Amino acid sequence: MKKITTLVIAMLTVGLISLSGCSREEKRDAADNAQDAQEKVENKAEDVAEDIKDATNETADNIESERKELAAKIQEKQEDLKEEMDRVDAKIKTASANEKAKWRERREELKEDKDNLDDQLAEVRKDIKRDWIGFFNEKLF
């Protein structure tokens with residue numbers, strides 16, 4: 001934006017210096033042309049800012065969608081682990097003493113996996129709640 005403003009000022013300065021020897025009509029035409037150029041530059045700058053804003057919003061929406069999909073996959077995996085833990089619990093009830101130790105060990109492994117997924121899901125949900133648009137605006141501007 002500073003570059004654009006500097007460019008417009010430079011153009012106006014050069015135009016004014018070169019117009020000092022021109023007729024009143026030529027000066028008026030040159031001033032109109034400079035004004036038109038400044039308006040075009042301002043419009044382009046507004047268009048660029050709007051494009052950046054749209055891209056930021058689209059990116060934020062895509063990231064949120066991806067994180068929601070990831071959260072759903074993690075929840076599905078958690079449910080699978082819970083079902084497996086329930087099957088292991090049933091086997092523990094009917095197993096012999098030697099088998100119970102083996103099944104309890106398997107249940108602990110499953111519980112650790114489930115706890116890890118719980119942590120991952122909590123992190124994903126925390127990230128979903130972030131203000132992505134604000135995040136991108138901080139990074140871009």
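I began with L117 and looked up its contacts in this predicted model: setting aside residues up to four places away in sequence, L117 touches I74, K77, Q78 and L81. L117 itself is placed in helix α3, and I noted its relative accessibility as 12%, so L117 counts as buried, the cut-off being under 20%. I also looked up its separation from A71, which lies 46 residues away along the chain, and found 9.8 Å between the two C-alpha atoms.

Next I turned to Q78, one of the residues that L117 touches, and located Q78 in helix α2. Is Q78 buried or exposed? I noted a relative accessible area of 11%, and therefore entered Q78 as buried. When neighbours within four places in sequence are left aside, the contacts of Q78 are K114, L117, D118 and L121.

I then asked which residues make up the largest nonpolar core. I listed 12 in all, namely A71, I74, L81, M85, V88, I92, A95, W103, L110, L117, L121 and V124. The elements that give two or more residues to this core are α2, running over 24-94, and α3, running over 97-129; of the contributions, that of α2 is the most, at six residues.

Last, I looked up L110, another member of this core. Without its neighbours within four places in sequence, L110 is in contact with L81, E84, M85 and V88. I noted that L81 recurs in these entries, as a contact of L110 and as a residue that L117 touches, and that L81 is also listed in the core.

Conventions
Residues are numbered from 1 along each chain as its sequence is written. This is a predicted model: local features need pLDDT of at least 70, side-chain atom pairs count only at pLDDT 80 or more; totals for chains, interfaces and linings use all residues. Side-chain values use heavy atoms; hydrogens and water are left out. A nonpolar core is a set of buried Ala, Val, Leu, Ile, Met, Phe, Trp, Tyr and Cys residues joined through side-chain atoms within 4.5 Å. Buried means under 20% relative accessible area, exposed over 50%, partly exposed in between (1.4 Å probe, protein chains only). Helices (H or I, at least four residues) and strands (E, at least two) are DSSP runs, numbered from the N terminus. Contact means heavy atoms within 4.5 Å.
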